[in-house]
Structures are given as structure tokens and as C-alpha cells.
Amino acid sequence: MLTVGQARALQLAAQGLLQPLRRRPRRDDVVAAVERMRLLQIDTINVVARSPYLVLHARLGDYPTTWLDEALAAGKLAECWAHEACLVGAADIGWHRAWRAQRLQHWAQRHALRVQHEHRAEMDALLDHIRTNGPVRAADFARAPDSIAGKPGWWEWKPEKRWLEACFALGELMVARRERFQRVYDLAERVLARLDTPPDAAAETASPARVRQRFIADTVRALGITTAAWIADYHRLKPAVSERELAPLLESGELVAQPVQGWKTPGYVHRDHAEALDKARQGRLRATHTALLSPFDPLVWDRARASAMFDFDYTLECYVPAAKRRYGYFVLPILHRGQLIGRLDAKAHRADGVFEIKALFLQPGIAPEPRLIQALAATIGDTARWHGTPRVRLERCAPAAAGAALRARWRAG
């Protein structure tokens, strides 16, 4: 039986967060990290770095963000709807395209079908334009003076943006590349033909049950160890995954059941992690990494899993009215040696070269002892330099002693 700490170490190892990279990152590490996680969620909030770049920084350290954009443009990665809007390995895109018909409950699919019903002629004309003239951005189309404004979500966009997004959700368009984080859309068949690794041919004829089974196995592999209850959220599967549904994967040996102390149901481990599981059982997986995590990092995006695995209750408060926020707008969980030990609300002022920490909170019971302060100061400093904001300014810290120790570290250089 594993302890919860050993289970955490196994999950961190699977996610690439157990130990820091021991060499300088390379271009291929970006694609390898996405393939390891299976999904890299995309989000546009840019008060620090945009989420996909920050997720990779937690795993790779000081890498050029252009490597991610170049991997997409080179066809090593592809964009699709999965957990939410995500980047996936090129070989996996066929499985996600095969699952579109099963995603009718997802908001993006529902909106896309509504737009298609109301604007099929305009969408067809847009597709013809792309077919004749090549890839486009939403910015290539001017906003009409009488366009819809002041409405939430898709409906505040100009019509062409809504049509492009609907065609993307429906699989008629794909993202060929990004320019300054803006999607450049092209016909799906053209993007698929340019992929560096062809989509898995098995996905073309796979039944919905087979695709679902594939996503279940991929989730268990990506998480290292998970209960049945946490599986569905990763790829937004519905209904929830049951113990009975996992039985064939156990019988085939693709998954193994692993009890964990305090868990009422078994943990499940993919056979690809057999060696890591043995090390975890022997207490030989040592967590040494310290990192700032994106709120959309797969380690923490399932709040129930983060609470159970790390005793860390986390809410992304950018969607909460300012007066009701407890910790801040865009709060980054702090990972330190296998634990989530705190959270940090930051903003990168790029024009001034300042990395502002509006507030830093350590978890109850976490003492600001020297080793923690040293690791935290170094990690924040490294992250700030990666952002191009090398001057760190800490406004508020709880406990106050941790803030004083961090400021002294930074003054000492």
C-alpha cells in the first residue's frame, strides 16, 4: 500500500514535476512535455505569462516561449477542444476529432451548433474564402459599426470571429499557427496534411466506446495515479468513469490497481509507470522541485483532486468579484518538494521590468524555514527573469516573517 506522500510523488513524476530538469531545455522538450501531459490547456489571461507557457516553464525552466509557437506551426502539436481549448500531440489529434460528436454537452460545441444553424450560409462563404485565399485571422476582418457589443462570451465577438470559432469547434477549420497568440485558421484537411506526425489511423474507425477507453487510459498515464472519480474531468468525459468500466483495462494489464492509505477506493496506475510505481513503493521517488504553477496546470485544474492529493483548497478568483476575492486575481499555487505550500498573486509589469507580487500566502502549518525561503526566492527570481521582469517587488506576505526573509534574500543577491 502506498502512503499519500508516495502517491503524490508518483503523480508528480508522471507530470514532470518531481525534480527540476537537470540540463538546459531543448526544443523537443516542449513537445515531449505536452505528450507527457496529453493536454496543455490554453488560456488568454496575461497578467503573468499566458497559461500554456507558464505550465511548460514549471517543468522546463528558462526556455524561449517561441518554441511552443514554432512546434504548433511545424505540425508537431495541434489545437482542439478537450479539457477546454488545448494543445495536443499531433498523433493524438485524430482521437479528439473522432470524439467531437460525443462533446455535445460542452459549451463550445453547443454554441458552435447554434451559430451553424443560424449562419450556415455565411460560414460556407467564409470557408470558400479560406479555400481560395489561404489562412486567416479574426483580425483580418473589420468590426462592423453595428456589430454586437456588450454581451458576454461568443456574442461580443464580431461575426467573422464567431463563425471562425464555430468552424473550429465543428472540425471544419483547424489552427495552422498563432501570431502574437492570435489563432490563424486554415481548412482542417490542409492542417492535417502538414502535421509532422500523421494522426493515429486507428482513430478514424474507432467506436465512441474505443475512443473513450483511449482517453481513460491516457488520463491514468498522465496523472501517474488516480482514483476512478478523478478520471473523467481530465478529458471532460461524461458520464463519470466507473470501477466497472475500468475492469477491461485491468484484465488486459494496461492498468493496475494500487491501494493508497486513507483512500476509500483504489488508485489506478498505467503499466507505463510500472518502474516508477516500484520506486514509489520503496520510497525512492524524491520530490525536490520548487515551481510556480499556472491555475490551469493539469496538476491543479481539478480542484477536488488537488484537495484530496495535496490538501490544497484552491479557487481561481479571476472570475470572482474583486470584493469577494480572498487571495487575488490570478493566483499561482506554489509547489515545493512534493507539497503545495502556498499561493502567490503576481503581475508582470514588462515595460518597467518589475515582477510585482501583490500577495504571497503560505499554507497554515508551513514554517518559513531557511531551505524553503532559499528555494522560493530562487524560483520567484528565476520566473521573474524568464518574464523579462527581473526586479521583484513583494507587497504583502503571510506570515510576515516569510516576506522579510524573502526580501533579505533578494537584497543579498
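**Exercise 1. Helix H14**

Which residues in H14 are buried? While you're at it, check the length of the helix against what you'd expect, and look at both of its ends.

*Solution.* Keep in mind that you're looking at a predicted model.

Step 1: go through the helix for burial. The buried residues of H14 are Leu 372, Ile 373, Leu 376, Ala 377, Thr 379, Ile 380, Gly 381, Thr 383, Ala 384 and Trp 386.

Step 2: do the length check. H14 covers residues 370-386, which is 17 residues, and at 1.5 Å a residue the expected span is 24 Å. The C-alpha atoms at its ends are 24 Å apart, so the two values agree.

Step 3: look at the ends. At the start of H14, Glu 369 puts a side-chain oxygen within 2.8 Å of the backbone nitrogen of Arg 371. After the helix comes Gly 388, with a positive phi near 80 degrees.

**Exercise 2. How H2 packs**

Work out how H2 sits against H3 and against H4, and sort the contact residues by class.

*Solution.* Two numbers describe a pair of packed helices: the angle between their axes and the distance between the axes.

Step 1: take H2 with H3 (residues 51-60). The angle is about 100 degrees and the axes are 11 Å apart. Angles from 65 to 115 degrees count as roughly perpendicular, so H2 is roughly perpendicular to H3.

Step 2: list who touches whom. H2 brings Asp 29, Val 30, Ala 33, Val 34 and Met 37, and these meet Val 55, Leu 56, Arg 59 and Leu 60 of H3. Sorted by class, the H2 contact with H3 has seven nonpolar residues, two charged and no polar ones.

Step 3: repeat for H4 (residues 66-73). Here the axes of H2 and H4 come within 9 Å and cross at roughly 70 degrees. That makes H2 roughly perpendicular to H4.

Step 4: list this contact too. Arg 27, Val 30 and Val 31 of H2 meet Trp 67, Leu 68, Glu 70 and Ala 71 of H4. By class, the H2 contact with H4 has five nonpolar residues, two charged and no polar ones. Notice that Val 30 is listed in the contact with H3 and in the contact with H4.

**Exercise 3. H1 against H13**

Decide how H1 (residues 4-15) is oriented relative to H13 (residues 303-310).

*Solution.* Step 1: get the geometry. The two helices pack at an angle of about 130 degrees, with axes 9 Å apart.

Step 2: name the arrangement. H1 and H13 are therefore oblique to each other.

Step 3: find the contact. H1 supplies Val 4, Ala 7, Arg 8, Gln 11 and Leu 12, while H13 supplies Arg 305, Met 309 and Phe 310. The class count for H1 with H13 is five nonpolar, one polar and two charged.

**Exercise 4. Odd backbone spots**

Find two cis peptide bonds, then two residues other than glycine with positive phi.

*Solution.* Step 1: check omega. The bond from Lys 238 to Pro 239 is cis, with omega near 0 degrees, and Pro 239 sits in the loop between H10 (231-235) and H11 (243-252). Ala 398 and Pro 399 are also joined by a cis bond, with omega about 5 degrees. Pro 399 belongs to the loop between strand E13 (397-398) and helix H15 (400-412).

Step 2: check phi. Arg 38 has a positive phi near 75 degrees and lies in the loop between H2 (27-37) and strand E1 (40-41). Phe 181 has a phi of about 70 degrees, in the loop between E4 (173-179) and E5 (182-187).

Step 3: ask about burial, where the cut-off is under 20% relative accessible area. Arg 38 comes in at 13%, so it's buried. Phe 181, at 11%, is buried too.

**Exercise 5. Two buried residues**

Describe the surroundings of His 83 and Gly 342.

*Solution.* Step 1: His 83 is in the loop between E2 (77-81) and E3 (85-89), and at 2% relative accessibility counts as buried. The His 83 side chain reaches the backbone oxygen of Asp 233 at 2.9 Å. Beyond its sequence neighbours within four places, contacts of His 83 include Leu 39, His 106, Tyr 234 and Trp 301.

Step 2: Gly 342 lies in strand E10 (residues 339-349) and is buried, at 0%. Not counting residues up to four places away, Gly 342 touches Phe 312, Leu 332, Pro 333, Ile 334, Phe 361, Leu 362 and Gln 363.

Step 3: link back to Exercise 4. Ala 398 is 56 residues away from Gly 342 along the chain, with 9.7 Å between their C-alpha atoms.

Key. Residues are numbered from 1 along each chain as its sequence is written. Side-chain values use heavy atoms; hydrogens and water are left out. Helices (H or I, at least four residues) and strands (E, at least two) are DSSP runs, numbered from the N terminus. The expected span of a helix is 1.5 Å times one less than its number of residues. Buried means under 20% relative accessible area, exposed over 50%, partly exposed in between (1.4 Å probe, protein chains only). A polar contact is a pair of N or O atoms within 3.5 Å; within protein, one must be able to donate a hydrogen and the other to accept it, and residues adjacent in sequence count only if both atoms are side-chain atoms. Axes are lines fitted to C-alpha atoms, for helices over the stretch in contact, and angles run from 0 to 180 degrees between N-to-C directions. Angles under 35 degrees count as roughly parallel, over 145 as roughly antiparallel, 65 to 115 as roughly perpendicular and the rest as oblique. Contact means heavy atoms within 4.5 Å. Ala, Val, Leu, Ile, Met, Phe, Trp, Tyr, Cys and Pro count as nonpolar, Asp, Glu, Lys and Arg as charged, and the others, Gly among them, as polar.
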